[in-house]
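Please prepare a guided tour of this protein for a reader who has the model open in a viewer. At each stop, state what should be selected and what is to be found there.

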Amino acid sequence: NGHRVWEYLARLRSHRKSIRSLLFGVHLDSNEPRLLSLGRDRLLIEYNLLKSCRDNLEILDIHRTDQGNYPTCMVWYPPLTKELFLLICNSGYKVKLFNSTTKMCRKTLLGPVFGSPIEQIQILPVKSTLELQKRYMVFINRDKVGLQILPVDGNPHKTAAIICHPSGVAGMALSYDGCWAFTAGGQDRSVVQWEINLRALDAAVSLGGEDLTPFYGLVAGGREGKFYRELEDYFYYSQLRSQGIDTMETRKVSEHICLSELPFVMRAIGFYPSEEKIDDMFNEVRFSEYVDTGKLIDKINLPDFFKVYLNHRPPFGNTMRGIQESFDILGFTNSKGKKAIRREDFLNLLLTKGEHMTEEEMSDCFATLFGLNPEGWKSEPVASSVKGSEICLEEELPDEITAEIFTTDILGLTISQDFRQDPIGSEV
């Protein structure tokens, strides 16, 4: 009768865990409405609003956003590029850009690291069309409100944050003109108004340096340190490996390595990505210029490799806490009161669960770890490197494997004395 009313249409339990973000949008080609939801179950779901009707909400597609970490929030990424992206933050302090149509992960970047992961983000509105190419993002985590310059690239100087509610922040809103941010505390029963000073953040970025200068500080020793020099060595060793170790041909030194060599160099410098992360890295490099040139990239230079490494690696390195948590979930409490996994179960998990190995791959890995492989850095699994793999593994592996045995005796890593005294965890 001419009155606008809210009307119930349909509902659907599409997620098995809590929903972190709901997002409306518009299809670029047809201007038809879009609806997406992001859940703590790591699923990004888009709904088919055109085919939905009363009491029937149709799902268009379902994509998994993460393998281990869970997503925390999602927004539309501003049109700073020719592609339209969804920006998704996760519990691992990462910011991911997904193509809004294919849902392919196109970029993974180090997000703000201020004590806890981002919980909510909003893009700062602009006052005029002149400001469209320089955008900013406001975010909150457990107890802080922060500001970041876009585009996201992992540069730590592009981000600033301040404690807003020590007992926890419940929500955030922005003024229509982008000059003010408002945060609401949960337990402190207060709302705080914050003035946004963009010039101060721009000045910090200028003082931080250009190109790779801001990124060198993210590794021990910086540009002249031992780590970066080792990275350079491994980068050029990889060229030797791809050209053939035993060849007598004239060596061709290049500024690039083949994209297929990327995971081997990553593992050599201490970052052990999953197969899914490797695929994300490949897609990130391979399609980096596709929208502009229509060509796929099959090689990568050292500066770009360095950025990919910094953005994809765990922000706090390999921690014993993560390994111990896995054993707490998968293991049983043995006679000594420690969480352990039986040898048979351990091998079965490697062969059947997650990104499971083949028997040949597992044999080759254990042969390398136990020093039975003549070559320590191999590109293809060799089943013959272990004769009678089951007998060998029974001799090399104990009946019960604890987190400490797995870390020290199998992987060959060292555990700090702090962890041995306090099982809360420290870096490996």
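**The whole chain**

Begin with the entire protein in view: of its 428 residues, 40% are buried. The model is a predicted one. Its secondary structure comprises 13 helices and 20 strands. Taken along the principal axes, the C-alpha atoms fill a box of roughly 80 × 55 × 45 Å. If one considers the contacts between residues at least 6 apart in sequence, 48% of them join residues at least 24 apart.

**First stop: two loops with positive phi**

Select N31, which lies in the loop between β1 (19-26) and β2 (33-39). Its phi is near 60°, a positive value in a residue other than glycine. Most residues other than glycine have a negative phi. N31 has a relative accessibility of 61% and therefore counts as exposed, the cut-off being over 50%.

Proceed to D55, in the loop between β3 (43-53) and β4 (56-64). D55 is not a glycine either, yet its phi is positive, at about 65°. Is this residue buried or exposed? With a relative accessible area of 56%, D55 is exposed.

**Second stop: a salt-bridge network**

Now select R34, E46, D61 and K103 together. A network of salt bridges links these four residues, R34, E46, D61 and K103. In the structure as a whole there are 17 salt bridges, and further examples appear at later stops.

**Third stop: a cis peptide bond and the loop around it**

Select L150 and P151 and display the backbone. The peptide bond that joins L150 and P151 is cis, with omega about 5°. Most peptide bonds are trans. P151 belongs to the loop between β11 (144-149) and β12 (159-163).

Extend the selection to D153 and K158. The side chains of K158 and D153 form a salt bridge, with an N to O distance of 3.2 Å. How exposed are the two partners? K158 has a relative accessible area of 10%, which means that it is buried, since the cut-off is under 20%. D153, at 24% relative accessibility, counts as partly exposed.

**Fourth stop: helices α3 and α7**

Show helix α3 (residues 226-243) and helix α7 (residues 302-312). The axes of these helices come within 11 Å and cross at roughly 120°. Because of that angle, α3 is oblique to α7. The crossing of the two helices is right-handed.

Which residues make the contact between α3 and α7? On the α3 side, select F227, Y228, L231, E232 and F235. On the α7 side, select L302, F305, F306 and Y309. Sorted by class, the contact of α3 with α7 has eight nonpolar residues, one charged residue and no polar residues.

Then select R229 and E224. The side chains of R229 and E224 meet in a salt bridge, at 3.5 Å from N to O. R229 has a relative accessibility of 46% and so counts as partly exposed. E224 counts as exposed, at 55% relative accessibility.

**Fifth stop: a salt bridge at R343 and E344**

Select R343 and E344. Their side chains form a salt bridge with an N to O distance of 3.7 Å. Is R343 buried or exposed? At 11% relative accessibility, R343 counts as buried.

**Final stop: helix α10 and what follows**

Display helix α10 (residues 359-369), which contains A367. The buried residues in α10 include M362, S363, D364, F366 and A367. For A367 the relative accessibility is 1%, so this residue counts as buried.

Keep A367 selected and add L393. In sequence, A367 and L393 are 26 residues apart. In space, the distance between them is 9.2 Å, C-alpha to C-alpha.

To finish, select G371, which follows α10. The phi of G371 is positive, near 75°.

Technical notes. Residues numbered from 1 in each chain as written. Predicted model: local features only at pLDDT ≥ 70, side-chain atom pairs only at ≥ 80, totals over all residues. Heavy atoms only, no water. Axes fitted to C-alpha atoms, helices over the stretch in contact; angles between N-to-C directions. Helix = DSSP H or I, 4+ residues; strand = E, 2+ residues; numbered from the N terminus. Parallel < 35°, antiparallel > 145°, perpendicular 65-115°, else oblique. Left-handed = near helix turned anticlockwise from the far one by under 90°. Contact = heavy atoms within 4.5 Å. Nonpolar A, V, L, I, M, F, W, Y, C, P; charged D, E, K, R; others polar. Buried < 20%, exposed > 50% of the residue type's maximum accessible area, 1.4 Å probe, protein only.
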